[in-house]
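Work through these exercises with the structure open beside you. Try each task before you read its solution.

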Amino acid sequence: MNISENKKLVPSIAEQLILELFAGQTKELQEIKTKVEEVHKQRGGLPHSAKIHPVEKALNNLKKDEKAEKPPLVYWKIDATTENTIKTLDEFIEWSKQFEEGEYVFRGVPNKAYKIQASAYRRPEESDRNFVNFLHTNRDLIRTARQRGYDHKDGSEWNELDILVELQHFRAATCLIDFSFSAQVALWFACQQERKKEKNGGLVNSDKPPHGKVSAVKIKQRKYTEITPDFMKGEDEKRENEKRIDFFLNDDADPQLYYLQPKFQNNRIIAQQSVLLFGNYEIDADKECFIEGGCKDEILTELERTSGYTEDRLFPDFEGFAWVNRQTAPYTAKTFQAYKDLGQYAYENDDYDNALEDLSRAIDFETDDAEVYYLRGLVYVSKEENENAFKDFDKAIALKFDSAELYYNRGYLYQQQGLYSDAINDYDTAIDKKEDYGEAYYRRGQSRYHLDRVEEALEDFAEAISLRPDYFDVYFQRGLVLRELQEYPSALDDFSRAIEINPNDISVFINRSETLFYLQHVDDARQDLLVALDLAIQQKDDEMVAKINILFQDVFGHNTSEEEDE
């Protein structure tokens with residue numbers, strides 16, 4: 001499309017031409033004006049008639065959008081990043097597909113202007129930044145750490161690189177530069193909002209978020225060497241001959257560079273898939289992409305939804321937790337999704353009081369999310385607050401939560417209260433939604449049996465077993481029903497199969513013993529009761545021990561102690 005044809009030169013056209021003609025270049029203002037006017041004319045455009053030249057307005061607009069910079073004097077630097085600007089998570093994933101796993105590492109920063117520099121280099125004033133000071137900063141850091149005894153752990157003395165790695169973990173300024181094997185972890189860091197200082201010393205978010213940047217560095221190439229424990233040792237493996245930090249840092253035009261994975265693996269290093277690069281105070285990226293400043297929050301939301309990346313999960317240790325909650329950190333009130341996730345996590349870890357509080361606060365945020373009512377209903381079930389559980393399950397159904405598990409759980413509530421017809425209706429719905437729902441067939445079978453629908457109950461038990469051949473509860477339950485129907489051989493088969501699945505259940509041995517007695521297998525019946533007694537003693541179940549002794553006396557006319565004497 002020809003943007004110039006038959007149109008006057010206006011700022012919007014000038015912007016597009018500037019980016020097309022000068023991306024990545026620094027040019028004098030007059031040269032930019034002349035070239036833009038020339039190309040615009042060649043493409044059939046008309047001259048401008050504005051008092052302020054359209055190119056000047058266009059450059060100022062580009063500066064506001066961080067697509068151009070104004071160095072001193074009359075020069076303008078035009079950003080070359082426009083082609084690689086990412087606005088969505090999908091775009092970033094597409095960009096990251098070009099990198100082979102394990103060959104590249106990634107670093108994300110919230111401002112595209114930041115270079116890949118070691119924090120020890122940035123620590124002095126800008127006028128004092130040079131390689132010599134950089135080297136001395138790291139030397140002094142190591143020496144002071146040794147003087148204070150910060151050079152050993154668990155009885156093991158550290159080499160100089162170990163000291164720097166540990167200091168880096170606690171946010172000291174060192175020669176090491178943090179990277180990650182995960183491009184998406186780097187993206188999370190690139191999407192953080194940069195904060196600016198106010199006159200009163202406080203920190204606030206920038207009015208216009210700057211573009212973030214993700215840099216990719218290929219470590220599987222000649223100029224990068226992996227640091228291993230053997231690499232650090234001297235030829236005679238003596239401590240005094242180990243490689244010192246001077247060996248690794250140099251100011252050559254094409255320096256040898258290094259990477260290592262921290263050997264003291266903690267939760268944060270694992271979560272962030274950390275790797276450290278070093279060798280010079282500044283490292284060049286092999287590839288870069290830029291994250292649109294205004295899209296950062298949306299990308300972070302998508303990252304949390306699809307990959308689970310949040311600040312809490314990427315800093316999952318005590319020191320990281322303290323850092324996340326530092327005074328200068330922006331306080332962000334928990335969202336609906338955060339409370340919902342916290343509530344579900346608490347429920348899954350049997351922390352029902354906190355689960356109830358978190359899910360209720362989630363509902364305060366969003367009252368039409370069906371799943372959160374279902375989750376809170378499960379919490380109420382666990383707390384045996386059945387009336388509240390019914391209310392939440394009913395609300396979830398009213399909001400059209402299409403879940404077989406919801407109907408199963410409400411059916412089980414009905415069943416516990418003896419409302420077997422209502423329970424069967426809910427189990428029917430659960431099975432319609434999930435045909436292979438073995439637990440629903442089992443519970444429906446129980447409910448049908450209580451309504452004397454015995455044949456239907458046995459059909460449900462058979463279906464449950466076909467779906468789950470190792471379903472102990474169903475074999476045991478069906479064995480009880482078959483014995484009641486005086487189908488003793490079939491009951492015996494079910495009790496025996498249940499024992500194969502769970503040989504530590506006392507009740508099933510007692511019930512098989514009774515079945516064996518009905519079949520006149522007296523010795524086998526006696527043996528099952530003795531096994532049940534041994535299990536009750538092992539499990540310290542005094543009540544069951546007493547019950548078995550009474551049963552033994554009733555069936556065999558003497559107690560178990562006399563049996564042992566014989």
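The exercises below go from the whole chain to single helices, loops and ring pairs.

**Exercise 1. The overall picture**

Task: Find how many helices and strands the protein has, and what share of its residues is buried.

Solution:
- Step 1. Note that this is a predicted model.
- Step 2. Count the elements. The protein has 28 helices and 15 strands.
- Step 3. Turn to burial. Of the 566 residues, 44% are buried.
- Step 4. Look at contacts with a separation of 6 or more. Residues 24 or more positions apart account for 63% of them.

**Exercise 2. Two residues in the first helices**

Task: Place Ala14 and Lys33 in their helices. Is each one buried or exposed?

Solution:
- Step 1. Ala14 sits in helix α1, residues 11–22.
- Step 2. Its relative accessibility is 0%. Buried means under 20%, so Ala14 counts as buried.
- Step 3. List the neighbours, leaving out residues up to four places away in sequence. Ala14 touches Leu9, Val36, Pro54, Val55 and Ala58.
- Step 4. Take one of these, Val36. The C-alpha atoms of Ala14 and Val36 are 6.8 Å apart, with their positions 22 residues apart along the chain.
- Step 5. Now Lys33. Helix α2, residues 29–42, holds this residue.
- Step 6. Lys33 has 12% relative accessibility, so it counts as buried.
- Step 7. With the same kind of neighbours left out, Lys33 touches His53, Val55 and Glu56. Val55 is also on the list for Ala14.

**Exercise 3. An enclosed helix**

Task: Explain why helix α7 is described as largely enclosed.

Solution:
- Step 1. Helix α7 covers residues 160–169.
- Step 2. Check the residues in turn. Glu160, Leu161, Asp162, Ile163, Leu164, Val165, Glu166, Gln168 and His169 are buried.
- Step 3. That makes nine of the 10 residues, so the rest of the structure largely encloses α7.
- Step 4. Inspect the start of the helix. A side-chain oxygen of Asn159 comes within 3.0 Å of the backbone nitrogen of Leu161.
- Step 5. Inspect what follows the helix. Arg171 comes after α7 and has a positive phi, near 70°.

**Exercise 4. Positive phi in loops**

Task: Locate Glu384 and Lys400, and say what the sign of phi is in each.

Solution:
- Step 1. Recall the usual case. Most residues other than glycine have a negative phi.
- Step 2. Glu384 lies in the loop between α17 (370–382) and α18 (386–398). Its phi is positive, near 60°.
- Step 3. Lys400 lies in the loop between α18 and α19 (404–416). Its phi is also positive, about 65°.
- Step 4. Check accessibility. Exposed means over 50%, so Glu384 at 68% counts as exposed. Lys400, at 73%, is exposed as well.

**Exercise 5. Two helices that cross**

Task: Describe how α8 and α12 meet. Which residues make the contact?

Solution:
- Step 1. Find helix α8 (residues 183–190) and helix α12 (residues 296–307).
- Step 2. Look at the axes. They come within 9 Å and cross at roughly 145°. The crossing is left-handed.
- Step 3. Name the residues. From α8 come Gln184, Leu187, Trp188 and Ala190. From α12 come Lys296, Ile299, Leu300, Leu303 and Ser307.
- Step 4. Sort them. Six are nonpolar, two are polar and one is charged.

**Exercise 6. Aromatic pairs**

Task: What kind of pair do Phe248 and Phe278 form, and what kind do Tyr408 and Tyr427 form?

Solution:
- Step 1. A ring pair is described by the distance of the centres and the angle of the planes.
- Step 2. Get the total. Counting ring centres within 6.5 Å gives 25 aromatic pairs.
- Step 3. Phe248 and Phe278 are 5.5 Å centre to centre, with 65° between the planes. This pair is edge-to-face.
- Step 4. Phe248 is in helix α10 (residues 245–248) and Phe278 is in strand β14 (residues 274–278), so the pair ties together parts 30 residues apart in sequence. Both residues are buried.
- Step 5. Tyr408 and Tyr427 are 5.8 Å centre to centre, with 45° between the planes. This pair is tilted.
- Step 6. Tyr408 belongs to helix α19 and Tyr427 to helix α20 (residues 420–433), 19 residues apart.
- Step 7. Tyr408 is buried at 12% relative accessible area. Tyr427 is buried at 0%.
- Step 8. Finish with a cluster. Ring pairs link Phe92, Trp95, Phe99, Tyr104 and Phe106.

How values were computed: Residues are numbered from 1 along each chain as its sequence is written. This is a predicted model: local features need pLDDT of at least 70, side-chain atom pairs count only at pLDDT 80 or more; totals for chains, interfaces and linings use all residues. Side-chain values use heavy atoms; hydrogens and water are left out. Buried means under 20% relative accessible area, exposed over 50%, partly exposed in between (1.4 Å probe, protein chains only). Helices (H or I, at least four residues) and strands (E, at least two) are DSSP runs, numbered from the N terminus. A polar contact is a pair of N or O atoms within 3.5 Å; within protein, one must be able to donate a hydrogen and the other to accept it, and residues adjacent in sequence count only if both atoms are side-chain atoms. Contact means heavy atoms within 4.5 Å. Axes are lines fitted to C-alpha atoms, for helices over the stretch in contact, and angles run from 0 to 180 degrees between N-to-C directions. A crossing is left-handed if the near helix is turned anticlockwise from the far one by less than a right angle, and right-handed if clockwise. Ala, Val, Leu, Ile, Met, Phe, Trp, Tyr, Cys and Pro count as nonpolar, Asp, Glu, Lys and Arg as charged, and the others, Gly among them, as polar. Rings of Phe, Tyr and Trp (its six-membered ring) pair if their centres lie within 6.5 Å; planes under 30 degrees apart count as stacked, over 60 as edge-to-face and the rest as tilted.
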